[in-house]
Structure formats: structure tokens, C-alpha cells
Amino acid sequence: MHLRLRSWLPEAFLALIALFFFVRELGTFPAAWGDDSLFMIVAREFAEGRGYMLPLLQQEWHYPYILGVGPSLILPVALTIKLFGFSVAAARIPMVIYLIGTCICFYFFTRRVAGKPAAFWATLLLVTLSAFVNTGKPVLGEVPGLFFLFLGLLCLLRLKDGLRWTLLAGMLFGLAVLTKITYGLLYPALGIAGITALLRRDMKSFWNLFLIGSIALIPFAAWNWLEMSQRSGVLHEILFLFGENEAEAAAPFTHLLSDPRILLRLPFLTYGTFFVFGLFGALKLSKTTDKNVLAIVLSLILLFTLYFVSSFGWYRHLLPAHSLLLPFVPAGARSLLGKKIAILFLIAAAVAQGLWQLDHRGASRSKAPEHVTEFVEQNFAGNPVIVQQAEIFVRVPRRHNVLFLTNPLITARLPEDLSTLTPLQKCMPVIRRLGPDEEKQFFGRLLTLSGSYFLIDPPPECRR
């Protein structure tokens with residue numbers, strides 16, 4: 001028994017590091033921002049009995065497709081808000097659970113495909129990765145989606161044990177897509193894996209993959225139907241994933257071509273390094289890794305990388321690819337560098353990533369939204385105001401005089417009847433975050449609140 005416990009000491013070390021980063025400054029770092037605050041608003045509405053909806057001005061949008069995430073993210077958050085009352089920290093409790101669950105699934109998946117030592121090193125690289133932790137703590141769908149993805153991959157490794165594992169893998173992949181729409185790349189990945197099975201003349205694997213893909217469509221299709229039954233426009237929202245508007249979606253790589261220097265930033269150079277090691281590791285382990293699993297994982301890595309370079313250039317679009325590469329990185333490093341240098345590289349990478357997190361890099365610590373919230377509570381107890389920042393509105397207790405409208409980028413994608421201001425609302429003051437050019441647009445009507453947040457007075461014609 002004593003020897004068995006000692007054999008798990010490395011994993012206990014990993015757990016301590018993970019828990020430290022996962023719960024450190026839970027409610028304040030990363031600071032709540034637009035996307036996760038939007039999701040918290042819907043969770044709060046549900047927890048307080050107003051339904052699964054987004055309040056916009058004086059209207060309610062039930063089951064809004066614009067979120068791009070599903071109930072597997074929103075409902076657990078609503079539960080902790082119901083239990084503990086609203087706070088950013090309370091809303092993030094389920095996210096810590098998702099982070100822990102993802103690490104456990106990741107560890108055992110890596111252990112199955114690459115062995116126990118590789119599982120330790122790969123998981124160490126994961127829990128020290130700023131992008132993983134700082135995307136996982138806020139109420140966002142990427143890490144919960146990873147949880148369902150890795151759990152599905154574990155089921156794929158057991159397909160030979162019976163039909164139930166095939167059915168379970170399909171449902172878990174479907175939940176990944178339901179949790180975050182970008183995991184819809186699973187469908188072409190399953191298709192590529194199916195084609196490779198046909199090329200190997202492995203008809204059993206082909207039909208298993210076909211069944212998994214068919215089942216994976218069910219949760220997403222059902223939820224999508226519910227969203228479309230409320231409002232049309234889902235296709236426009238899917239196009240937005242590839243550009244800020246339909247024109248950019250039709251011309252991919254716009255962001256990258258306009259500023260190719262983005263690829264020289266340290267996080268992207270790091271990803272490039274892990275990409276090389278990961279692909280070499282996958283090649284080294286290809287003879288012992290399940291061929292269907294390997295085809296799906298490699299397809300997803302390439303598809304998410306392609307999605308990143310063709311879309312906004314946001315690192316969280318790369319996070320699934322980065323996470324899927326890590327199980328193969330130790331083997332690739334050992335193959336290219338040799339055992340001793342590979343271990344030194346893995347230690348150095350983990351330490352550098354950990355120090356990056358300790359120094360609060362990679363995410364904002366801004367307290368400006370909290371200061372603006374205090375201003376709203378003190379100055380608009382009964383006076384009407386429109387708040388156009390989700391990170392402010394989510395903190396303000398619900399009042400009939402404090403109306404919410406999304407920021408201009410999201411508002412441009414809303415159904416027109418939900419975003420059109422009435423004559424009375426056009427004469428309400430607005431709280432919004434502004435860039436330098438926007439400040440010029442509202443010259444003479446601005447009161448600086450905190451940082452780049454301003455109170456915009458109504459236009460002159462409202463004073464007549």
C-alpha cells in the first residue's frame with residue numbers, strides 16, 4: 001500500500017499545482033470581460049427564475065443563438081448562482097470543476113496513448129499553460145468542450161469493449177459541440193477518420209465512426225432547432241465565426257494577411273514549437289495508438305490551426321489544437337532532442353509557463369468594471385441608463401431603469417427588433433467602453449468613469 005501511494009506522488013504534485021492556479025484569485029483574475037459576462041447574464045437570469053434568456057433593452061430573447069454556447073455551460077453556472085447568489089467567483093465554481101475534469105481526462109488519455117511518464121509531463125505542460133487556465137476560469141466554452149472531447153476520446157479507445165462505448169462517444173462529442181459551437185470541427189474530423197478507415201478497408205471502424213458522427217449530431221441539432229424556433233439568423237452567426245462580417249467570412253485569412261506579425265508573438269511561437277514536437281511524437285507513437293483516435297486527433301489539430309489562421313487570430317481558437325498536441329509532445333521531444341535534453345526542455349517549458357501565470361500575464365487584471373459598477377449603483381438608483389458592456393451590467397442588481405444592450409460589435413449581429421432604440425431610449429445616457437476614434441465621435445458628451453469606460457450624455461436634440 002505504501003509503495004502504491006508513493007507511485008502517485010508525481011500526480012499529487014500535479015494536483016497541487018493545478019489547484020493553485022485554478023482557484024487563485026478566482027473572482028478577479030482574469031477580470032470578467034465581454035463574452036464570459038454575457039454568458040453569466042443568461043445564467044443569472046435563469047437562476048433568478050426569468051428563464052434561459054438574454055435581456056435586451058426592455059425585451060427578452062429566449063434561447064439566444066448569438067451566445068455560441070449551450071446549456072452544458074450555462075446551467076451549471078446558473079446552479080451555483082442559485083446556491084450562493086451572484087458573484088463572479090460563484091459563477092466560476094463550475095469552471096474550476098470543468099478544469100479539474102479536463103485535466104483528469106487528459107491525463108488518462110495521454111497515459112493510454114503515450115504511457116505514464118508522458119502523461120505526467122504533458123499534464124504538467126497543460127496545467128501551467130496560461131491560455132488553458134485563463135480560458136478555463138472565466139465562463140467560456142472552450143475548456144468545458146475539451147472536457148467532453150477528451151472523455152469521448154477515452155470512450156473511443158474502448159470501442160472493442162461493446163456498442164455502449166460507441167454510443168457514449170457519440171453523445172460526448174455531441175455535448176462538446178453543444179457546449180461550444182467551434183467544436184463542430186469534430187464532424188469533418190470524424191469524416192476524415194471514416195475515409196481513412198475505408199482506405200484501410202476497415203469497414204467495422206467506418207460504421208462505428210459513422211454511428212458516432214450521427215449520434216453526435218443529435219444534441220447540437222436539437223438545441224439548434226430550439227434556438228431557431230425563437231429567432232432566425234443562425235447562419236449569419238456561423239459566418240461570424242470566420243470574420244466580423246459576411247464579407248470577411250467570404251475572404252478568409254484577412255486578419256492574418258493584414259498583420260502577419262501576429263505569428264511572431266511569444267504564445268504563437270510557443271505553439272509552433274509544440275506543433276513540431278507534437279507531430280513528431282504522433283508519428284513515433286502511430287504504430288501503438290488506435291488509428292481512428294489518431295486520425296481524429298490529427299485532423300482536429302490541423303482544422304483548429306486552420307480555423308485560427310483564417311479567423312480573428314485569437315489564441316483561444318488554438319487552445320483545442322494546443323491541448324490535443326500535448327499528449328505527443330514528450331515523445332516528440334525525446335525523439336528530436338534525446339532523453340536528457342528533452343527532460344530539460346520539458347522542465348524549462350513548464351517553469352516558464354508557470355512564471356508567466358504567476359506574473360499575471362496573458363489576461364487582464366483591470367478593476368475598471370468594478371469601479372464603473374459602483375458609479376452606476378451610486379448615481380442611477382432611479383434614473384434611466386443604458387449599459388452597453390456586459391461586464392458592467394452583470395454586476396449591477398436587476399433594476400427596471402438599468403437597461404442592457406450589447407457592445408456595438410455584437411449589437412450589429414442582433415435581430416433588428418431587439419436592438420432598435422425607441423425615441424425615449426435614444427435620449428438615455430449610455431455607459432460604454434470607447435476607443436480613441438470613438439471618443440472623438442462623442443466629443444463634448446463624455447464623462448470618464450474609469451480607464452476606457454465613459455458615460456455618454458444624450459445627444460443635443462434630446463435637451464430641447
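**Close-up views of selected local features**

**Surface charge.** K284, R334, K339 and K340 together form a positive surface patch. The model shown is predicted; local features require pLDDT of at least 70 and side-chain atom pairs pLDDT 80 or more, while totals for chains, interfaces and linings use all residues. Residues are numbered from 1 along each chain as its sequence is written, and side-chain values use heavy atoms, without hydrogens and water. Patch members have over 30% relative accessible area and no salt bridge, with like charges joined within 9 Å and nonpolar side chains (Val, Leu, Ile, Met, Phe, Trp, Tyr) within 5 Å. Lys and Arg count as positive and Asp and Glu as negative, His and the chain ends being left out; a charge is placed at NZ of Lys, CZ of Arg, CG of Asp or CD of Glu. K340 belongs to helix α20, which spans residues 339-358 (helices, H or I of at least four residues, and strands, E of at least two, are DSSP runs numbered from the N terminus). With a relative accessible area of 71%, K340 is exposed (exposed means over 50%, buried under 20% and partly exposed in between, with a 1.4 Å probe and protein chains only).

**Nonpolar surface.** F20, I343, I347, V351, L355 and L358 make up a nonpolar patch on the surface. The accessible area of these residues together is about 500 Å² (Shrake-Rupley method, 1.4 Å probe, with only the protein chains shown counting as cover for residues). Helix α20 gives the most to this patch, contributing five residues. One of the patch members, L355, is found in α20 and is exposed, at a relative accessible area of 53%.

**The disulfide.** C427 and C462 form a disulfide, and a search of the whole structure finds one such link (a disulfide is a pair of cysteine sulfur atoms within 2.5 Å). The sulfur atoms of C427 and C462 are 2.1 Å apart, and the link is left-handed, with -80° about the S-S bond. C427 sits in the loop between α25 (423-426) and β5 (430-433), and C462 in the segment after β7 (453-456), so the disulfide ties together parts that are 35 residues apart in sequence. Both ends are partly exposed: C427 has a relative accessible area of 34%, and C462 one of 23%.

**Cysteines outside the disulfide.** C103 takes part in no disulfide, and the nearest cysteine sulfur, that of C105, is 9.5 Å away. C103 is buried, with 8% relative accessibility. For C105, the closest cysteine sulfur is in C155 at 8.9 Å, which is too far for a bond. C105 is likewise buried, with a relative accessible area of 6%.

**Salt bridges around R50.** R44, E45, E48, R50 and R398 are joined in a network of salt bridges (a salt bridge is a side-chain nitrogen of Lys or Arg within 4 Å of a carboxyl oxygen of Asp or Glu). Within the network, R50 pairs with E45, and the closest N and O atoms are 2.6 Å apart. R50 is partly exposed at 28% relative accessibility, whereas E45 is buried at 0%. The structure as a whole holds 14 salt bridges.

**A salt bridge between distant parts of the chain.** The side chains of R316 and E142 meet in a salt bridge, 3.2 Å from N to O. R316 lies in the loop between α17 (291-310) and α18 (319-325), and E142 in helix α9 (residues 142-156), so that this pair links parts of the chain 174 residues apart. R316 is buried, at 12% relative accessibility, and E142 is also buried, at 2%.

**The pair R432 and E438.** A salt bridge of 2.9 Å, N to O, brings together the side chains of R432 and E438. R432 is buried, with a relative accessible area of 10%, while E438 is partly exposed at 26% relative accessibility.

**Backbone geometry.** The peptide bond from F29 to P30 is cis, with omega near -5°. Most residues other than glycine have a negative phi, and most peptide bonds are trans. P30 is placed in the loop between α2 (9-23) and α3 (34-47). E25 is also in the loop between α2 and α3; its phi is near 50°, a positive value in a residue other than glycine. E25 is partly exposed, with 29% relative accessibility. Y63, in the loop between β2 (59-62) and α4 (71-84), has a positive phi of about 50° although it is not a glycine. The relative accessible area of Y63 is 26%, and this residue is partly exposed.
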